[in-house]
Amino acid sequence: MKLYLLILTCLVCINSSFAQRKGYWQQKVDYKIDVDVDEKNYQYDGQMRLKYTNNSGQSLSKVYLHLYFNAFQPESMMDYRLSNISDPDSRMATNLGTKENPKWESRISKLKPEQIGYQKIKTLTFNGVNTQFKTDGTILEVTLPSAIADGTTATFDLTWTAQVPEQIRRSGRNSKEGVALSMAQWYPKMAHFDEFGWHLDEYVAREFVAPFGNFDVSIQLNKNYIVGASGVLQNPSEVKGYQKKAKVKIQNNKAIWHYKAENIHDFVWAADPKFVVDSVRSQAGVKLYTVYIPTNDSIKSNWNQALQLAADFFDLSGKKFGPYPWPTYTIVQGGDGGMEYGTATLVTGGRNIKSLVGVIFHEAAHSWYQHLFGINETVDEWFDEGFTSYVEELGMQQLFYKKGALETNPMIDAYRAYYKLALSGKEEPMSLLADYYNSNYAYSNQAYNKGAVLAEQLGYIIGKSNLEKTFLKFYEVWKFKHPTPNDFKRVAEEISGINLKWYFNLFVNTTRQIDYAILEVTDNTVSLKNKSNLAMPIDVLVEYKDGSKELFYIPLREMRGEKPTEDYSIYSNVKRTILPDWNWTVPTYTFPVDKVPSKIWIDPTQRLADIEAGDNYCDHNQN
């Protein structure tokens, strides 16, 4: 009986240790949206019922919504940012100077009234009562006639009119590839409120965050258009493209496209008369759609190949990072590059097959790191983009190149990009808010590449098998919630038994760099040096003159634990010796060897992000 009670107590402790942090809560918002589109003038009228559930533990006397289209106007913050950042997005700015002396002009500044974007709120009620509101840039501030009490749900009814901007960024009209309507950030969207307060970032080009909820969306549009969107189409027999014998239901020369989606935090759609629709079902049962313009045979061939590869990607990602929980995913040609949304993406389609598959894999990977885990992209952009890049690269290696993931370091290209950034003098702390980087170069390489390096290097610290377990446990604990990087860190610590405070703090919040070297090798000792100000655990592979090998593992004192033996082929039949901890306050470390060394490598897997690897190898035979 005592043994039974002990086992039961341990199980309870294990399960409780993986629960959400104490006091965790999140808001909920449900949308019912109806829009009537005037495709000739690129305008539409909308009405929306929004139900907002307050779980915050406090009453709310104000709420805020995003009006993203307002950014596409002269003298907006987006407009000024484009003119004043050192390397603006070339899709949104023109260089009036030279390459050596650039002078950037925002294209938004040249938009005429009929070309700008806007979302103008006409009426707004709160639980049936007219309420005060004001527009401030891309934020709508709503002052409530009575507070929303904790644990209650409020109903907002809005009507608005909007104009779709000329195609500039993610959303807009008449893209370079000829897509008529790319409708992202197109509806008044409830701002995110959490333990850190309201997230009221002006739209200046970067990322997003929003509460989870359900969407019920009806789009009234010219009967000749075909739509691709988030969610599940409710009336495929009444619209074009989704059934061969569909009897299109027409009213006033328009068709109504009706979609529903559950537990997502953004909704996107695109429309064009030239669209075609194709679909396939993954082995796990996910129905995938492609909606694109079949410009020529090459484009059609690329999209056909990409659709099946996308299905394989969802199966692969589901096994490694947790099952995809929604019934559909739709890949729509639109936008100006690639951007993720709830159960759908907009991507540009006139690409070669490698580029098309790569962007689809990346945006589909966001179904986990941003849409299944509602990561705050405006704050923790590397957690979103970096981990997505990690998932994308694994998919490309195993499915597109069909060589399997590189055994030692599948993220080696991201490491190389990070090294270039670290040595450029442009690196900024990865914890910087996404909008505030001094250059797009720094943002892109921090978020996408250094973020992927953090994930792969975490496997170096806690062990590859523990990293794989961490991803799956994180899914189990945090799906459909809003985790922070610290929540991921805590899961990794619980799985591995290793303290990771030092790693996340130094690698995320500073620009410190890792740089180790083999200092000296004798016939009976190996000496190492930490040339940098970021200490790490160290693997040292020693090949002796008799041909045998030994792997020496030096834990870092701050880890308070050790990673398990890893199953890399380069370590097969290699003796592993665990040495005493290396304290970060001590710059050098010497350990004895029993036989005469021949060759020595620091981290032959190349997962240690050492900015100068030239001194990580020594051929003792030449000494």
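In which sense do strand β22 and strand β23 pair, and over how many bridges? The two strands, β22 (residues 287-292) and β23 (residues 328-333), pair in the parallel sense over 5 bridges. The legends below start from this pair and then visit other parts of the model, which is a predicted one.

**Figure 1. An open sheet of 5 strands with mixed pairing.** The strand order here is β21-β22-β23-β25-β24. To find your place between β22 and β23, look for T290, which stands opposite I331 in β23. At the edges of the sheet are β21 (276-281) and β24 (338-341); each has a single partner strand, so one side of each is left without a neighbour in the sheet. On average, and ignoring direction, neighbouring strands are turned by 15° against each other.

**Figure 2. Helix α3 on the sheet of 5 strands.** Helix α3 packs on this sheet and touches β21, β22, β23 and β25 (344-347). The direction of α3 makes about 155° with that of β22.

**Figure 3. The largest nonpolar core and W186.** This core has 183 residues, and those with the most contacts inside it are F156, W186, W269 and Y369. Its largest share, 11 residues, comes from helix α3 (residues 297-321), the helix that packs on the sheet in Figure 2. For a closer look, centre the view on W186. Leaving aside neighbours within four places in sequence, W186 is in contact with the aromatic residues Y44, F69, W160, F267 and W269, among others. Also among the contacts of W186 are I33, V35, V217 and V268, along with Q119.

**Figure 4. An open sheet of 4 strands with antiparallel pairing.** Follow the strands in the order β8-β9-β3-β13. The edge strands, β8 (132-136) and β13 (189-190), each pair on one side only. Strand β3 (residues 60-66) meets β13 in the antiparallel sense over 2 bridges. A handy landmark for that pairing is L65, whose bridge partner in β13 is M190.

**Figure 5. Strand β19 and its pairing with β16 and β18.** Strand β19 (residues 254-264) runs antiparallel to β16, and 9 bridges join the two. One place to spot this pairing is G213, whose bridge partner in β19 is I264. Strand β18 (residues 232-233) also pairs with β19 in the antiparallel sense, over 2 bridges. Here L233 stands opposite Y259 in β19.

**Figure 6. A buried salt bridge between E207 and R170.** Side chains of opposite charge can pair when their charged atoms come close. In this view, the side chains of E207 and R170 meet at 3.5 Å, N to O. E207 sits in the loop between β15 (197-199) and β16 (213-222), while R170 sits in the loop between β10 (153-163) and β11 (172-173), so the pair ties together parts that are 37 residues apart in sequence. Both E207 and R170 are buried.

**Figure 7. A salt bridge within helix α9.** The side chains of E494 and R490 meet at 3.1 Å, N to O. The two residues are 4 apart in helix α9 (residues 485-496), which means that about one helical turn separates them. E494 is partly exposed, with a relative accessible area of 33%, and R490 also counts as partly exposed, at 37% relative accessibility.

**Figure 8. R607 and E566, a link between distant parts of the chain.** The salt bridge between these side chains spans 2.7 Å, N to O. R607 lies in the loop between β32 (597-602) and β33 (617-619), and E566 in the loop between β29 (549-554) and β30 (575-578), which places the partners 41 residues apart. R607 and E566 are both buried. For another stop on a tour of charged side chains, try D89, R91, R169 and D336, joined into one network by salt bridges that share partners. The count for the model comes to 32 salt bridges.

**Figure 9. Domain 1 in contact with domain 2.** The domain assignment gives domain 1 (21-222), domain 2 (264-372), domain 3 (395-509) and domain 4 (516-619). Between domain 1 and domain 2, the C-alpha centres lie 24 Å apart. The contact takes 29 residues from domain 1 and 27 residues from domain 2.

Notes: Residues numbered from 1 in each chain as written. Predicted model: local features only at pLDDT ≥ 70, side-chain atom pairs only at ≥ 80, totals over all residues. Heavy atoms only, no water. Core = buried A, V, L, I, M, F, W, Y, C linked by side-chain atoms within 4.5 Å. Buried < 20%, exposed > 50% of the residue type's maximum accessible area, 1.4 Å probe, protein only. Contact = heavy atoms within 4.5 Å. Salt bridge = Lys/Arg side-chain N within 4 Å of Asp/Glu carboxyl O. Pairing = 2+ DSSP bridges. Axes fitted to C-alpha atoms, helices over the stretch in contact; angles between N-to-C directions. Domains from an automatic or database assignment.
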